[in-house]
Amino acid sequence: MCQEFNQADILEDTLRDLSPQLLNILLKDHTRSTPERQENIFWATDDYAALGPGYAYADPILPPLITGERGHVVMPRVKKHKDTQTARSREMAEVFTPSWICNAQNNLIDDAWFGRQGVFNREITLDDGTHTWQTTTEPVGFPEGKTWRDYVNSTRLEITCGEAPYIVSRYDTTTGDFIPLSNRIGLLDRKLRVVSENVHTSGEWLKAVQAAYKHTYAYEWQGDSLLLAREAMLVSFIEYYRAKFGKMPLQTSLDYIAYIISWNVWQMDGLKGCIPGEEPREPSLFDDTSNLCLIKDGKKGKKIRFIDLINK
């Protein structure tokens, strides 16, 4: 099935049409799920409570709540009502960053990693004061002692990610303007560009891209923004695959990327390392459950508690 994703808003119906399994994977919360039962990320906001049952703060986000007649419930911040944007900024300090600032800050990371400036693009200011960038067109070269695989396997994390504009830049989160694939500036976008420049068979490409996703992390409090971030990362995978090979990836590849995303982009109170709205809880003699958020180590493939990384 050929799908076009040429706008900011990714409709959940489109993902459901690709595969009912995809939405279930993208909605999974691994911290609270067990082998017997899947738990989903939850709204963690009162913005949707007026819609009725299933939309309260602590309710899980379920596919029927965001598809069909409710297919436009979850949308990017720029498309939300101005009153809602203001309230979220006031109550949750939700402020989204223009793409040119995301680019400038991501460039600082790469300037340090490569030991030189202007690897992926050159920042420019137009005569009217508009900030933008000019993408480099030649393949990325790597410094002595480092390879493209080292770059793909380097760990990146976006904290309190919102819709994850620092990771994948499908659109400017402040304007809603769609950004062409060739001009994207996200941390994961850069890794996927490097893979496509260095790998030319689908099997090797998929293996390298899976590694890129396994080493790219983000967390967010609010469930709707978290879902948008996960969706943007999945659709970016589709877009880069189609640009490289001229066709849709196989369903098994889509499911696996979605699975990686569901582990690496998770719902968390970043100050406490636990499920939003709760106090950290360790397992005890009388309760063997914990609400400390779990992620998966990209190198070892083991489940780890995020808070343990902070406390090292």
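Me: Where is the place of D110?
Reply: D110 is in helix α4, which covers residues 99–114. Keep in mind that this is a predicted model.

Me: Is D110 buried or exposed?
Reply: D110 is buried, because its relative accessible area is 2%, and buried means under 20%.

Me: Which side chain does the side chain of D110 make a polar contact with?
Reply: That would be the side chain of R190, at 2.7 Å. Leaving out residues up to four places away in sequence, D110 touches R190 along with G115, R116, F120, Y151 and R156.

Me: New topic: how many residues has the largest nonpolar core?
Reply: There are 62 residues in the largest nonpolar core, and W43, I66, W205, Y213, L234 and F237 have the most contacts inside it.

Me: And which helix gives the most to this core?
Reply: α8 does, with 12 residues.

Me: What is Y213 in contact with?
Reply: Not counting neighbours within four places in sequence, Y213 is in contact with L188, L192, M233, S236, F237, I257, I260, I261 and N264. Apart from the core just described lies another one of 7 residues, including Y217 and W266.

Me: OK, on to the sheet. What is the order of its strands?
Reply: It's an open sheet of 3 strands, ordered β3-β4-β5 with parallel pairing. β3 (156–158) and β5 (265–267) are the edge strands, each pairing on one side only.

Me: How many bridges join β3 to β4?
Reply: 3 bridges do. L157 stands opposite Y217 in β4.

Me: Which strands does α9 lie across?
Reply: α9 lies across β4 and β5, and runs at about 45° to β5.

Technical notes
Residues numbered from 1 in each chain as written. Predicted model: local features only at pLDDT ≥ 70, side-chain atom pairs only at ≥ 80, totals over all residues. Heavy atoms only, no water. Helix = DSSP H or I, 4+ residues; strand = E, 2+ residues; numbered from the N terminus. Buried < 20%, exposed > 50% of the residue type's maximum accessible area, 1.4 Å probe, protein only. Polar contact = N/O pair within 3.5 Å; in protein donor to acceptor, adjacent residues only side chain to side chain. Contact = heavy atoms within 4.5 Å. Core = buried A, V, L, I, M, F, W, Y, C linked by side-chain atoms within 4.5 Å. Pairing = 2+ DSSP bridges. Axes fitted to C-alpha atoms, helices over the stretch in contact; angles between N-to-C directions.
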